[in-house]
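Me: Please pick one part of this structure and take me through it slowly. I'm in my first year, and I'd like each term spelled out as we go.

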Amino acid sequence: MSPIFFPRRARRRALSLAALTVAALALPAGLPVAIAQSGDARFAGLALSQGDIFTDDVGTMIGVSVTNNTAATIGSVGVTCSFTTKGKPAGSASTSIYNIVAGATGQDQVRLMGPKADAASCAMTALGKPLD
């Protein structure tokens with residue numbers, strides 16, 4: 001191999017990484033993500049349920065499930081939970097539930113590492129399209 005080959009490859013990689021960085025910085029404005037607000041039409045047909053809250057030596061966890069009452073597969077649903085301890089904020093954590101087919105329910109746990117919370121309030125925060 002010629003000694004010029006490696007510098008060209010490194011230069012191409014550097015340019016590719018620079019383009020990727022620029023694309024990543026531009027993504028938040030162009031992503032098909034919905035921020036949950038009360039009455040957000042993008043979450044119509046989806047029902048979020050919270051389970052019991054548990055604490056252990058690692059922190060706090062709560063089970064969450066999303067039921068898809070639409071006619072289409074949902075690629076992903078982001079769920080964020082705000083945890084409180086005695087009414088004071090303890091932190092927040094999120095999860096994504098993937099590929100919820102029509103009429104099915106997807107489940108996961110949201111785990112807050114560290115604090116031991118006694119309550120949580122969860123909301124759907126993002127919605128992704130299924131992969132083609």
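Reply: Let's start with a term: a disulfide here is a pair of cysteine sulfur atoms within 2.5 Å. In general, that link is a covalent bond between the sulfur atoms of two cysteines. Before we zoom in, you're looking at a predicted model, where local features need pLDDT of at least 70 and side-chain atom pairs count only at pLDDT 80 or more, while totals for chains, interfaces and linings use all residues. Residues are numbered from 1 along each chain as its sequence is written, and side-chain values use heavy atoms, with hydrogens and water left out.

The structure has 1 disulfide, and it ties C81 to C122, with 2.0 Å from S to S. The torsion about the S-S bond of C81 and C122 is about 105 degrees, so this disulfide is right-handed. C81 belongs to strand β3 (residues 74-85) and C122 to strand β6 (residues 119-128), so the pair links distant parts of the chain, 41 residues apart. A strand, by the way, is a DSSP run of E with at least two residues, while helices are runs of H or I with at least four, and both are numbered from the N terminus. Both C81 and C122 are buried, meaning under 20% relative accessible area (exposed is over 50%, partly exposed is in between, with a 1.4 Å probe and protein chains only).

Now for the sheet that holds those two strands. It's an open one with 3 strands in the order β4-β3-β6, and the pairing is antiparallel. At its edges are β4 (88-100) and β6, each pairing on one side only. From one strand to the next, the twist averages 20 degrees; for such angles, axes are lines fitted to C-alpha atoms (for helices, over the stretch in contact), and the angles run from 0 to 180 degrees between N-to-C directions.

What does "pairing" ask for? Two strands pair if DSSP finds at least two bridges between them. β3 and β4 have 11 bridges, in the antiparallel sense. To see one spot in that pairing, find V77, which stands opposite I97 in β4.

There's another open sheet to set beside this one: 3 strands in the order β1-β2-β5, also with antiparallel pairing. Here β1 and β5 (105-113) stand at the edges with a single partner strand each, so one side of each has no neighbour in the sheet. β1 (residues 46-55) and β2 (residues 59-68) are joined by 8 bridges, and they form a hairpin with 3 residues between them. Within that hairpin, T55 has T60 in β2 as its bridge partner, and Q50 has V64.
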